[in-house]
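Here is a short briefing on one structure. Keep the sequence and the 3D view open while reading.

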Amino acid sequence: MDFNFSEEQRQLQDTIERFVRNDYGFEKRRAIAASAEGFSRQVWQNLAELGVLAINVPEAHGGLGFGPVETMLAMQASAPALPCEPLLSSAVIATALVRDFGDAAAQAELLPALASGERIVVLAHHEAPARGMAAWVQTRAAAEGDGYVLDGRKAVVSDAAAADELLVSARLSGAPDDASGVLLLRVPRGAAGLSLREYATIDGHRAAEVELSGCFVPAQAVLGTPGQALPAIERALDIGLAALCAEALGLLQATVDATVEYLRTRQQFGQPIGRFQALQHRAADMLLHLEQARSMTYLAAMRCTDTGDEARRQALSAAKVVVSQACRFIAQQAVQLHGGMGMTDELVLSHWFKRLLAIEASMGDTDTHLQRFAALSQREALQAAQA
C-alpha cells in the first residue's frame with residue numbers, strides 16, 4: 001500500500017507548518033488562551049485564508065473538496081502549536097455534519113460561511129449520563145406550534161461560547177438509547193432559553209455546560225431529516241475521532257523530537273545523558289509507541305468514512321486505544337526524562353503533556369473504546385460462526 005502523499009497534500013501540510021512556526025508561537029498562544037474569548041478571530045481568519053477551514057467543504061460551496069487524509073495532515077501540522085481555535089469542533093465535526101446530513105438550503109447557507117471563517121458552528125451532543133456513548137440522547141424536543149421546544153443539558157461542549165450557533169441533538173421519541181427518534185436543530189448561541197456555563201479545560205481550551213430550558217426553535221431550524229439524525233452524528237464524530245488521532249500524532253512526534261534533542265544536549269557526569277543505555281531504551285520505547293500511533297492514525301483516516309457502521313467503529317476504536325496508550329506513555333516518559341523542568345509552565349512540553357492526556361480522555365477514553373472494540377469483535381465472530 002502506498003503511504004506517500006501527493007504534491008498538493010504536502011504543500012498543504014508545509015503551508016500550515018510554516019504558519020504555526022512563524023505566526024503562532026508559544027507566547028502568542030499563551031496570550032490567546034488567557035484572553036477573554038479564549039481564541040483569536042484574527043487567527044481564525046488567517047486559517048480560512050490558508051484554506052484550512054475549507055478542507056471538508058465541497059468545491060460547489062466554495063471549499064477545497066478534500067477529505068480525511070488532508071484533514072489528518074492539517075491537524076498533525078497544527079498540533080504542536082496547540083491552537084486554541086475551534087478546528088476540530090467547527091472545521092471538522094460540524095462542517096462534516098452539515099455537508100453529509102444537511103439539506104440543500106442549509107448547505108448553501110452554512111458551508112460557504114464555514115469555509116470563509118464567517119461563522120463558527122459546533123455540535124452540542126454529549127450528555128453527562130452517556131459516559132462516552134454517542135447513542136445516548138436524553139434532551140427532549142416537543143413539537144409546539146411551528147417549531148420545537150427543547151429541554152435538557154449537554155456536557156463539555158467544546159468551543160460552545162465561541163460558536164455563532166450550536167447543532168443540538170434532541171429526542172422526539174423513544175428511550176434515551178434508542179437509535180431512532182433523534183433530530184438535530186440549529187440553535188443560535190443567544191437564543192432565549194439557552195444558557196452556557198463556560199470554563200477552561202486543563203489543556204487550555206474552553207468548553208461549556210449547555211442548558212436548554214423551554215428553548216423554542218422554529219421548524220426550519222431542523223437540520224436534515226427529523227428522527228434520523230443519530231447515524232449522521234455518529235459518522236461525523238468518527239470523522240472527528242480520526243482528526244483527533246491526527247492531532248495526537250503531531251503532538252507525539254513533537255514530544256519525541258524534543259525529548260531526543262534534550263537527551264543529546266543535557267550534560268551529566270561529563271557527557272550527554274543520551275549516552276546512558278537505560279535512557280536510550282526508554283527513548284526507543286517512545287519511538288515504538290509513536291510508530292504504532294502513526295500506523296493507527298493512518299488507518300483511522302482511511303476508515304472513518306466507511307459506510308459499514310460496525311466495521312468503521314471497530315477500526316476507529318482500535319485506533320483510539322493505540323493512540324491513547326501512546327499519549328499517556330510518551331507524555332509521561334518525556335516529562336520524566338526532562339526532569340523537574342518538564343512540568344514547568346514556561347516549557348511548551350508541559351502544555352503538550354496536558355493536551356495529550358486530555359486527548360486520551362476525549363471522545364471516549366481507552367476503557368470505553370476497548371469495551372466497544374471487544375463487543376464489536378465478539379459480534380463479528382458470532383455472525384461469522386452463524387454464516
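**Aromatic pairs, core and strands**

Searching the whole structure turns up 2 aromatic pairs. The model is a predicted one. The points below start with those pairs, then turn to the core, a long helix, a hairpin and some backbone angles.

**Aromatic pairs**

- Phe5 and Tyr298 make an edge-to-face pair, with 6.0 Å from centre to centre and 85 degrees between the planes.
- Phe5 sits in the segment before α1 (7-23), while Tyr298 belongs to helix α8 (residues 277-303), so this pair ties together parts 293 residues apart in sequence.
- Tyr298 is buried, at a relative accessible area of 15%.
- The other pair is Phe269 with Phe276: the ring centres are 6.4 Å apart and the planes stand at 75 degrees, so this pair too is edge-to-face.
- Phe269 is exposed, with a relative accessible area of 70%.
- Phe276 is partly exposed, at 28%.

**Nonpolar core**

- The largest nonpolar core contains 122 residues.
- The residues with the most contacts inside this core are Leu97, Leu150, Leu166, Leu167, Leu184, Leu185 and Val187.
- Helix α7 gives the most to this core, contributing 21 residues.
- Which residues does Leu150 contact, leaving aside its neighbours within four places in sequence? The list includes Leu185 and Val187, both also named among the core residues with the most contacts.
- The other contacts of Leu150, with the same neighbours set aside, are Arg140, Ala141, Val168, Ala170, Leu212, Ser213, Gly214, Cys215 and Val217.

**Helix α7**

- Helix α7 covers residues 229-265, which is 37 residues.
- What span should α7 have at 1.5 Å a residue? The expected value is 54 Å, and the end C-alpha atoms are 54 Å apart, which agrees.
- Of the 37 residues of α7, 28 are buried, so the helix is largely enclosed by the rest of the structure.

**Hairpin β2-β3**

- Strand β2 (residues 140-144) pairs with strand β3 (residues 147-158) in the antiparallel sense, over 5 bridges.
- One bridge joins Ala142 to Val149 in β3.
- The two strands form a hairpin with 2 residues between them.
- Gly145, in the turn, has a positive phi of about 60 degrees.

**Lys154 in strand β3**

- Is Lys154, a residue of strand β3, buried or exposed? Its relative accessibility is 2%, under the 20% cut-off, so Lys154 counts as buried.
- The Lys154 side chain makes a polar contact of 2.8 Å with the side chain of Glu127.
- Beyond its neighbours within four places in sequence, Lys154 is in contact with Ala124, His125, His126 and Glu127, among others.
- Further contacts of Lys154 include Val137, Thr139, Val168 and Ser169.
- Ala208, Glu209 and Val210 are also in contact with Lys154.

**Positive phi outside glycine**

- Leu82 has a positive phi of about 55 degrees, although it is not a glycine.
- Leu82 lies in the loop between α4 (68-78) and α5 (87-101).
- Leu82 is buried, with a relative accessible area of 3%.
- Val156 also has a positive phi, near 50 degrees, and is a residue other than glycine.
- Val156 is found in strand β3, the strand that also holds Lys154.

Terms used
Residues are numbered from 1 along each chain as its sequence is written. This is a predicted model: local features need pLDDT of at least 70, side-chain atom pairs count only at pLDDT 80 or more; totals for chains, interfaces and linings use all residues. Side-chain values use heavy atoms; hydrogens and water are left out. Two strands pair if DSSP finds at least two bridges between them. Helices (H or I, at least four residues) and strands (E, at least two) are DSSP runs, numbered from the N terminus. Buried means under 20% relative accessible area, exposed over 50%, partly exposed in between (1.4 Å probe, protein chains only). A polar contact is a pair of N or O atoms within 3.5 Å; within protein, one must be able to donate a hydrogen and the other to accept it, and residues adjacent in sequence count only if both atoms are side-chain atoms. Contact means heavy atoms within 4.5 Å. The expected span of a helix is 1.5 Å times one less than its number of residues. A nonpolar core is a set of buried Ala, Val, Leu, Ile, Met, Phe, Trp, Tyr and Cys residues joined through side-chain atoms within 4.5 Å. Rings of Phe, Tyr and Trp (its six-membered ring) pair if their centres lie within 6.5 Å; planes under 30 degrees apart count as stacked, over 60 as edge-to-face and the rest as tilted.
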